[in-house]
Amino acid sequence: MNKFFASLLALALVVLVACGSVTPYAATVNKERLTQSELEDELDAINKNDDYVKLLEQGQPPVTVRGKGKDTFNPTFVARVLTREIFYKLVSDELTRRKLKVDASALAAAKQSVVQQVGGDQVLAKFPAGYRSSLERRTAQLNTLTEALAKVDPVKPPDPRAFYADNKATYDTYACVSHILVKDKATADDLAARIGRGEDFATLARTQSIDNQGPDGGSAAKGGDLGCADPAGYVPEFAAAVKAQAVGQVSAPVQTQFGFHIIKVTARPPTYEQVQAQVQQQVEQQVQEASQGKLNTWLQDAVKKATIKINPRYGTFSKNPNDFGVVPPKSKLVKTGSTTTTSPQP
């Protein structure tokens with residue numbers, strides 16, 4: 001009897017192992033499976049969040065998510081999602097190898113990043129709770145590895161004043177601008193006349209400007225101050241007026257898609273103190289880009305060393321360093337319920 005039960009147990013183990021080995025996979029990374037169901041769950045979460053799909057399809061560059069038929073996905077988008085899953089798997093494995101753990105502060109910071117990436121709290125809330133947690137965990141892991149790589153050979157940020165001096169030709173194109181925005185020309189003409197008679201521009205901006213949205217009250221709360229920037233960043237009509245206007249002069253009303261503006265150029269070019277916040281931001285961005293470069297170098301090396309296999313229905317994997325990732329098959333992906341299949345393109 002003991003031998004009989006032992007034989008049954010052995011048979012059961014063989015069956016369990018066999019069942020596990022044939023679990024449909026989307027990809028394998030160093031012989032570890034990313035299952036088809038995991039990929040389908042992510043696609044399903046994205047597909048059911050119309051606001052996020054719209055954000056992707058209206059982005060720069062635009063991303064086509066859905067196929068032409070019902071419950072279909074664009075194969076290039078599926079390849080992109082699967083590529084991302086592979087990269088995050090490599091990141092997770094590297095953290096394990098380095099014995100690094102994601103702490104609570106990293107998760108909290110990651111959540112804020114995810115909110116910005118998906119287009120706000122309301123868009124994020126439309127994802128299933130499990131997928132939200134996955135997005136936050138992945139981002140925290142990525143940030144943790146990025147910080148670890150940066151510590152190996154720290155990037156020394158340049159001195160802000162030296163950075164300003166080195167880029168002074170760029171800052172010399174900036175103008176410091178204030179404006180009052182109203183809905184119609186008659187109101188704009190009246191305000192321009194009042195300013196001409198000596199009324200204070202900043203006071204009128206605080207009380208009359210409709211550029212008063214947002215948690216900080218817009219430019220109206222700051223007396224119309226828009227800060228100092230390259231005029232090229234404004235809409236064309238506004239930019240042309242700023243470029244043509246003398247410092248200290250108040251413009252005649254300028255019409256744009258937002259309404260009618262009364263514009264005042266307060267400085268050109270700005271001093272270091274007037275653009276100090278922007279300089280500091282650009283210095284920090286330079287450091288971040290250097291850290292991102294280290295992450296990209298690590299990822300290219302990790303992909304080169306990894307053994308990556310893709311389920312043929314999703315395509316193949318390219319290790320071309322200039323464009324590595326999943327290359328979709330020449331077919332369209334159809335998703336019906338929980339089953340994903342491919343069919344030839346017409």
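**Group meeting: two sheet regions and their cores**

Okay, let's start with a sheet: three strands make an open sheet in the order E2-E1-E8, and the pairing is antiparallel. Strand E2, 32-35, and strand E8, 308-310, are the edge strands, since each of them pairs on one side only. Going from one strand to the next, the twist averages 20°. And keep in mind that what we have on screen is a predicted model.

Let me zoom in on one pair here. Strand E1, residues 25-29, is joined to E2 by four bridges, in the antiparallel sense. If you want a spot to click on, find Tyr25, which stands opposite Thr35 in E2.

Now, what lies across E1, E2 and E8? That's helix H4, residues 75-98, and it runs at about 35° to E1.

H4 brings us to the core. The largest nonpolar core has 46 residues, and the ones with the most contacts inside it are Phe77, Leu82, Ile86, Leu90, Trp298 and Ile310. Which element gives the most to this core? H4 does, with ten residues.

Take Leu82 as an example. Leaving aside residues up to four places away in sequence, Leu82 touches Ala26, Ala27, Leu39, Ile310, Tyr314 and Val326. Apart from that core there's another one, of eleven residues, among them Tyr174, Cys176, Ala267 and Val283.

Hold on to Cys176, because I want to move over to strand E4 now, and Cys176 is one of the residues there that are buried. So, why do we call E4 largely enclosed by the rest of the structure? Buried here means under 20% relative accessible area. Eight of the eight residues of E4, residues 175-182, are buried, and that's why we say so.

Here's a bit of background: in a regular strand, side chains alternate between the two faces of the sheet. In E4, Ala175, Val177, His179 and Leu181 point one way. Cys176, Ser178, Ile180 and Val182 point the other way, and both sets are buried.

Who are the neighbours of E4? One is strand E5, residues 225-229: four bridges join E4 and E5, and they run antiparallel. In that pair, look for Ser178, which stands opposite Asp225. Another is strand E7, residues 259-267, which pairs with E4 over seven bridges, again in the antiparallel sense. There, Val177 stands opposite Val265.

So if you open the model later, try two stops. Go to Leu82 and pick out what it touches, including Ile310 and Tyr314. Then go to E4 and follow its side chains, starting with Ala175 pointing one way and Cys176 the other. That's it from me, thanks!

Definitions and conventions. Residues numbered from 1 in each chain as written. Predicted model: local features only at pLDDT ≥ 70, side-chain atom pairs only at ≥ 80, totals over all residues. Heavy atoms only, no water. Buried < 20%, exposed > 50% of the residue type's maximum accessible area, 1.4 Å probe, protein only. Helix = DSSP H or I, 4+ residues; strand = E, 2+ residues; numbered from the N terminus. Pairing = 2+ DSSP bridges. Axes fitted to C-alpha atoms, helices over the stretch in contact; angles between N-to-C directions. Contact = heavy atoms within 4.5 Å. Core = buried A, V, L, I, M, F, W, Y, C linked by side-chain atoms within 4.5 Å.
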